[in-house]
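Q: Could you take a close look with me at one part of this structure, the place where the ligand sits? I'd love a connected account that I can follow on screen.

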Amino acid sequence: MATVPESTDAVVRAVDVTRRYGGSDGGLFSRGGERAPVTALDGVSMHAAPGEFLGLSGPSGSGKSTLLHLLATLDTPTDGTVELLGTDAASLSDRQRTSLRLDHVGVVFQRFHLLPTLSARANVALPLVEQGVGKRTRRDRAAELLEQVGLDDRLDHRPGELSGGEQQRVAVARALVTDPDLLVADEPTGELDTDAGEVVLELLDDVATDRAVVVASHDEQAIGATDRVVELRDGRVVSDG
Ligand code: ADP
C-alpha cells in the first residue's frame, strides 16, 4: 500500500467537481446532440480519509454512481479536480490512470461482475494477472483473501455455485487482492437479502483499516453501517458528517 503524501490527509479528494453528460462534450458517455446535457454533479467537494468507512447517500439520480466512478478514476470530471493520493487523475494519460487505479483502487459493483467460467480463486486473482504477478503468488494471495472473507472452503467453486452473498464476498476479495488504498462499492447490498447484506457490510467495515472504503447506496441498511455520510441531492452535497 502506498504512503499517503504528507500534503494531504485524504486518500481521495474531490474539489468543486462538475460532471456533465451529453450536450457538446462529445465524450464516450454522450447521448447525442439532440438531448439537453445532464449535470449529474454540480460543484461537489468531499474527501475520504484513511481508515474511514464513508457512505454516499441520496435518492436515485442524485449523482452517487457518477461521483463514485470519479473517485475510482474510472471517469474524469468536466470541471474541478479529483485527486487520488495527491495525484490529479485528469492530468494523467489513460494508460497512467489505468495503472494508478490498478495499484491503488478496488471496485465492487452491485451485480458482482465475476467471470462465470472461472473459479472463485481465479476470479480473485485476476487483478494480479493484470499486474503481472507470478502464478504461485497469485494463487496463494487469492486463497488468503478468500479466507479473509470466510470462503476458504469455496476456492474452486464457480460463481453460479455460490449464493449472492458469497459472490459479493468473492467480489470484495477480488477488489482487495492488490491491497488498494481506496475501495469503492456501488450499491454492494442491492442484490442481497438483509442477512447477506449485513455480512458484506461488516466485511467492508473491517477492511476500512488504513485504507478508505466508500459505499454509494440509497439503502438505509448500507448507509447506517458507515462512519460518515456525504448526502447528495440533484448533484450537490446537502450534508457531510
Ligand atoms: P445515482 O447513482 O444517485 O442514481 P447517477 O450518478 O447514476 O445517480 O446519475 C446522476 C444523473 O446523471 C441522472 O440524472 C442520470 O440520469 C444521469 N446520468 C448518469 N449516467 C449517465 C450517462 N452515462 N449519460 C447521460 N446521463 C447520465
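How far does a backbone N or O atom of Gly61 lie from an oxygen atom of the ligand?

A: Happy to walk you through it, and please keep in mind that this is a predicted model. The distance you ask about is 2.7 Å, from a backbone N or O atom of Gly61 to an oxygen atom of the ligand. Gly63 also brings its backbone into play: one of its backbone N or O atoms is 3.1 Å from a ligand oxygen atom. With Lys64 the side chain takes part instead, placing an N or O atom 2.8 Å from an oxygen atom of the ligand. Around the ligand as a whole, the protein covers 72% of the 560 Å² of accessible area that the ligand has on its own.

Now for the full shell. The ligand is surrounded by 13 residues, and the closest of these are Gly61, Gly63, Lys64, Ser65 and Thr66. Two elements each give two or more residues to this shell, namely strand S2 (38-48) and helix H1 (64-71). Of the elements, H1 gives the most, with three residues. If you sort the shell by class, you find five nonpolar residues, six polar ones and two charged ones.

With the ligand site in view, you can also look at how some of the helices pack. Two packed helices are described by the angle between their axes and the distance between the axes. Take helix H3 (residues 120-130) and helix H4 (residues 135-148): their axes are 8 Å apart, and the packing angle is about 120°. H3 and H4 are therefore oblique to each other, and their crossing is right-handed.

From H4 you can move on to H5. These two helices pack at an angle of about 130°, with 9 Å between their axes. Because of that angle, H4 counts as oblique to H5. The crossing in which H4 passes H5 is right-handed.

Helix H5 (residues 164-176) also packs with helix H6 (residues 194-207), at an angle of about 15° and with the axes 9 Å apart. At that angle, H5 is therefore roughly parallel to H6. Their crossing is right-handed.

To return to your question, the Gly61 backbone contact with a ligand oxygen atom is at 2.7 Å, and Gly61 is among the closest residues to the ligand.

Note on methods: Residues numbered from 1 in each chain as written. Predicted model: local features only at pLDDT ≥ 70, side-chain atom pairs only at ≥ 80, totals over all residues. Heavy atoms only, no water. Near = heavy atom within 4 Å. Polar contact = N/O pair within 3.5 Å; in protein donor to acceptor, adjacent residues only side chain to side chain. Areas by Shrake-Rupley, 256 points an atom, 1.4 Å probe, with all protein chains shown as cover. Helix = DSSP H or I, 4+ residues; strand = E, 2+ residues; numbered from the N terminus. Nonpolar A, V, L, I, M, F, W, Y, C, P; charged D, E, K, R; others polar. Axes fitted to C-alpha atoms, helices over the stretch in contact; angles between N-to-C directions. Parallel < 35°, antiparallel > 145°, perpendicular 65-115°, else oblique. Left-handed = near helix turned anticlockwise from the far one by under 90°.
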